[in-house]
Amino acid sequence: MPLRVDDEPQYRRLFREFLRQSYINGLHPFLYRSPVRFAKTLWLALLTAIVIYTHIVIVNLTQEYLVQPTEIHLAPDLVHVANSPFPAVGVCTANKISRRLLRDYAVKLYRHQGNSTLQAVALDVDDMADRLLVLAQFYLSPFETERWNATELERLHRLLSSYYNSNVGYSVRDILRRLSPDCGELVIRGIVFGIPVNSSQLFLKRPTSSNVCCIFNYRRSSYSRFADQRAKDDAEMRAIPKVVFESNSILNSVQFVLQDTPANDFTNTLRTNNAFQLTIFPQEDYATVQSTSLGEILVDHNTIVEIPIQPMFFSSSEEVRGVPPQKRRCYYPEEGSRLMNQYVAYPTRAIADPFRVTSAYRSYYSLDECLLLCRIKSMMEHCGCVSPPMVGSSTDLAYCMLPDLPCLLRWKSIWYGYNEFSYLQNMEEQVAQRQCEHCLPTCNGVSLSITTNVAPLRLTYNSTGYFTGLLKGLTNERPLAIIKLFFKLRFAQATKSQLVSTWVVLLNRFGGILSLMYGFSIVSYIEILYYLTGKWFVYIYRSLKETKPRKRSRAYSLYWHELMPKGLKIMSRTRN
């Protein structure tokens, strides 16, 4: 039906046509008169607020999608715990260095000092033993302080180098391993699934980042710097029988009796108590607690500690693989392997990046492994060497010796974020704390959660000791404790990481919000674009082209005038 010809300017007619013909709800009230004052102004303010709020919601949804395009869903199926690897368990004593073993070692060094031409290091055997305690500082405990100056460290270094008379020098890690209590003294009895076992055959004595521990269910190759020692350690690990956990409950558990060293055998522990220290971690990881949520458990003397372990399986769909790792916050196996085998050129030494093993391709990746090598890289940048207890593999790196200990203590202050040193005045402490943000967890695997149930161990007051059970024949002359490890439940929950949505689903969400608020759609955006650009461009172009305005007797709509049939447009222009 043709519209009435009006004498108002064409741009106003054009605007009215847009309000009348647009599919956007809420524009028609602007065409009618209202007896209420400022009614159109209030309606415009309300409509503007709705439009602004709606687009804020859309922008937030888009930003959330770009930042974190994945989400985690619980799988409907449960997985039997027999499919989960049981973690490794490290048992450590608070006594990092045995006084008895330290004195025996000091006697040998003191005799060697007397037979050598080197400058004397110690006045007697006790003085030598006291000086050897400086080796425990390589664990880089936050509570350690400098014991000896650079000159005294250099003298002890020369004495140890002369004592071992080796081309590669002495090994601090092997010396610490030699001075720590043996596993047969620490874990004295055990039961596996109700059957008594020789506990010494199930534990490996291995250095960790904080102590030398006896580790159960360990599957990591030796990380000694000497090839013969690595071969010996690997053969020892292969000879240990594997314990397979096929069910849950305490009846299907492993139980061990821990016995601490005598009180007169302790040296400086830097701890407020002498409790046993348990470190629970994946079988192939290095025993450290940089990132694992399992952490460490302190087992007090004369207690019985039950440790139920509950796995949770997690995986990621193939669609997630297309999302960058920085957004999905995880690595697939091949991505982790590439990260671990990168190279970095050091400014002071031409050494391969610690993310690469020179002897073989490093294929195993975990979050703890990445953080360990990141910490190694930081040590190399500051001191040019690595503290021996911090090296969890046989990498081709320079090991720090006693003369390097002052630099390691300064690095420790940097790594732990102390800011009272002049070296940190240029905000380098923030760099040290944030330089490992590229380390991410794996996309597929198993995570573990633990709880503890603690009960007191009844003491025996007779000389014959306990009469029955796992403690039969033992006395309380030396502190005892019992640990019990088992799966908590028979089945474990599974989770799966999937894409939140694709762009199509995201647009679907946008359309639902816009339609709900004011009946908006993509066509509405096209209408607005057409009105603001194409229609006004044609209007201005024709206004400049026509020198004499013509009076039109035929009324027609201006809104989609460019899309009218050509003959109808010619007739409307020529008819007077």
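Is Y163 counted as buried, partly exposed or exposed, given its relative accessibility? In this predicted model, Y163 has a relative accessibility of 26% and therefore counts as partly exposed, since buried would require a value under 20% and exposed a value over 50%. Y164 is likewise counted as partly exposed, because its relative accessibility is 30%.

**Aromatic pairs**

A search of the whole structure finds 12 aromatic pairs, and two of these are set out below.

| Pair | Distance between ring centres | Angle between planes | Arrangement |
|---|---|---|---|
| Y163 and Y164 | 5.1 Å | 90° | edge-to-face |
| Y223 and Y286 | 5.1 Å | 85° | edge-to-face |

In the second pair, Y223 lies in the loop between β6 (212–216) and α8 (227–239), while Y286 lies in the loop between β8 (276–281) and β9 (296–299), so the pair ties together parts of the chain that are 63 residues apart in sequence. Both Y223 and Y286 are buried. Elsewhere, F86, F193, F245 and F487 form one aromatic cluster.

**Two helices in contact**

Two packed helices are described by the angle between their axes and the distance between the axes. For helix α3 (residues 99–115) and helix α6 (residues 172–179), the axes come within 8 Å and cross at roughly 125°. The two helices, α3 and α6, are therefore oblique to each other, because an angle of that kind falls outside the ranges that count as roughly parallel, roughly perpendicular or roughly antiparallel. On the side of α3, the residues that take part are L101, L102, Y105 and K108, and they meet I175, R178 and L179 in α6. Sorted by character, the residues of this contact between α3 and α6 comprise five nonpolar and two charged ones, with no polar residue.

**Helices α2 and α10**

Helix α2, which runs over residues 39–67, has 29 residues and reaches 42 Å from its first C-alpha to its last, close to the 42 Å expected at 1.5 Å a residue. Within α2, the residues L47, T54, I58 and Y65 are buried. As a general point, an α-helix has 3.6 residues a turn, so residues three or four places apart point the same way.

Helix α10 covers residues 333–340, and its buried residues are E335, G336, S337, L339 and M340. These buried residues of α10 pack against two other helices, namely α9 (325–328) and α11 (367–383).

Methods
Residues are numbered from 1 along each chain as its sequence is written. This is a predicted model: local features need pLDDT of at least 70, side-chain atom pairs count only at pLDDT 80 or more; totals for chains, interfaces and linings use all residues. Side-chain values use heavy atoms; hydrogens and water are left out. Helices (H or I, at least four residues) and strands (E, at least two) are DSSP runs, numbered from the N terminus. The expected span of a helix is 1.5 Å times one less than its number of residues. Buried means under 20% relative accessible area, exposed over 50%, partly exposed in between (1.4 Å probe, protein chains only). Axes are lines fitted to C-alpha atoms, for helices over the stretch in contact, and angles run from 0 to 180 degrees between N-to-C directions. Angles under 35 degrees count as roughly parallel, over 145 as roughly antiparallel, 65 to 115 as roughly perpendicular and the rest as oblique. Contact means heavy atoms within 4.5 Å. Ala, Val, Leu, Ile, Met, Phe, Trp, Tyr, Cys and Pro count as nonpolar, Asp, Glu, Lys and Arg as charged, and the others, Gly among them, as polar. Rings of Phe, Tyr and Trp (its six-membered ring) pair if their centres lie within 6.5 Å; planes under 30 degrees apart count as stacked, over 60 as edge-to-face and the rest as tilted.
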